[in-house]
Amino acid sequence: MTEQKINLRFSLLTALILLCAFSRIIPHIPNFSPLGAIGLFGAAHFSKKWQAFLIPIAATWLSDLFINNVIYAQYYPKFTWFYEGFYWQYGSYLLITLTGLGILNKINIPKVLTGTLASTAIFFLVSNFGCWIGSTTYPQNFGGLITCYAAGIPFLKGTLLGDLFYSGVLFGTFALAQYKFPVLRLANFEARN
C-alpha cells in the first residue's frame, strides 16, 4: 500500500509539473513562466532530492524541445536539442530548486512567498549575468554588467508575476488534492533522502 501511495503521489506531482511546463505554449507576457515555480514545487514535494532536481529540469527540457522545434521552428534551421545559452537558465532553475530545499522544509504561505521571491531574484541575477558575460552588446566591465541588469528590469515584472501565479496554482492545487485525497500525503516526508 505504501509503495502504491508513493507512486500515486509521484505521478500526480510529475503530471502537474509537466502540465505547467507545457503551459508555456499559451500566449503570455514576456517572462511569465512556470519554470521557477516548478523548481520550488519539486523541492517542496518530491520525497527524493534527485527527483526534485531531475523532474522539473526534464519537464523544462521537453517543453523547450516542443517550443523550439514546433512553435519557433522557423527560427531554428535544424532540430534544436538545446538553445544557445540554455545553461544559464537551467543553472538558475537548479539553484531555485536548491533554494527551495532549504526554504520549504515546511510548507506554508510565508515560506512559499519567500521561495517565490528568491526564485525571481535568482533567475534575474543568473540569466542577466549569462546575457552579459562574453557579450558584444555590453562592455565586459562592471558598468556593462549594471547596464545589462538595467536592461533586464522590464522583464522582471513578468518573471515575478509568473512565479507568483504558478506557485499559487501548483502549491494550491496539490494542497487541495491532499485535503480531498489523504492518500497523497506523506507523513513528515519519511521517504525523503
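A nonpolar core, as the term is used in these legends, is a set of buried Ala, Val, Leu, Ile, Met, Phe, Trp, Tyr and Cys residues joined through side-chain atoms within 4.5 Å. Please keep in mind that the views below all come from a predicted model.

**View A. The largest nonpolar core and its best-connected members.** This core holds 32 residues. Start your tour at Ile17, Ile38, Phe41, Tyr93, Leu170 and Phe171, the members that touch the most others. At least two core residues come from each of these helices: α1 (2-22), α2 (35-45), α3 (49-71), α4 (86-103), α5 (109-132) and α6 (142-180). Helix α2 makes the largest contribution, with six residues.

**View B. The surroundings of Leu170, and another core.** Which residues does Leu170 meet once its neighbours within four places in sequence are set aside? Its contacts are Leu16, Cys20, Ala37, Ile38 and Phe41. Of these, Ile38 and Phe41 will be familiar, since they are also among the best-connected members of the largest core. Apart from that core lies another, made of six residues, including Phe124, Trp132, Tyr138 and Cys148.

**View C. A salt bridge between Asp64 and Arg24.** Side chains of opposite charge can pair when their charged atoms come close. How many salt bridges does the model contain? The count is one, and the partners are Asp64 and Arg24, whose closest N and O atoms are 2.9 Å apart. Asp64 belongs to helix α3 and Arg24 to the loop between α1 and α2, so the bridge ties together parts that lie 40 residues apart in sequence. Are these two residues buried or exposed? Because buried means under 20% relative accessible area, Asp64 at 4% is buried, and Arg24 at 18% is buried as well.

**View D. A stacked pair of rings, Tyr93 and Phe123.** The whole structure has 22 aromatic pairs, and this view picks out one of them. The ring centres of Tyr93 and Phe123 are 5.9 Å apart and their planes meet at 5°, so the two rings count as stacked. Because Tyr93 sits in helix α4 and Phe123 in helix α5, the pair links parts that are 30 residues apart in sequence. Tyr93 is buried, at 9% relative accessible area, and Phe123 is buried too, at 15%. You have met Tyr93 before, in the list of core residues that touch the most other members.

**View E. A nonpolar patch on the surface.** Now turn to the outside of the model. Ile25, Ile26, Phe66, Val70, Ile71, Tyr72 and Tyr75 together form a nonpolar surface patch, with about 660 Å² of accessible area between them. One of them, Ile71, lies in helix α3. With a relative accessibility of 34%, Ile71 counts as partly exposed.

**View F. Asn31 and its positive phi.** Asn31 is found in the loop between α1 and α2, the loop that also holds Arg24. What is the phi angle of Asn31 near? Its value is near 70°, which is positive in a residue other than glycine. Asn31 is partly exposed, at 30% relative accessibility.

**View G. Ala15 and Ile55.** Ala15 has its place in helix α1. Its relative accessible area is 33%, so Ala15 is partly exposed. Follow the chain from Ala15 to Ile55 and you cover 40 residues, yet their C-alpha atoms are separated by 10.0 Å.

Conventions. Residues numbered from 1 in each chain as written. Predicted model: local features only at pLDDT ≥ 70, side-chain atom pairs only at ≥ 80, totals over all residues. Heavy atoms only, no water. Buried < 20%, exposed > 50% of the residue type's maximum accessible area, 1.4 Å probe, protein only. Helix = DSSP H or I, 4+ residues; strand = E, 2+ residues; numbered from the N terminus. Contact = heavy atoms within 4.5 Å. Salt bridge = Lys/Arg side-chain N within 4 Å of Asp/Glu carboxyl O. Phe/Tyr/Trp six-rings, centres within 6.5 Å; stacked < 30°, edge-to-face > 60°. Patch = residues over 30% accessible without salt bridge, like charges linked within 9 Å, V, L, I, M, F, W, Y side chains within 5 Å. Areas by Shrake-Rupley, 256 points an atom, 1.4 Å probe, with all protein chains shown as cover.
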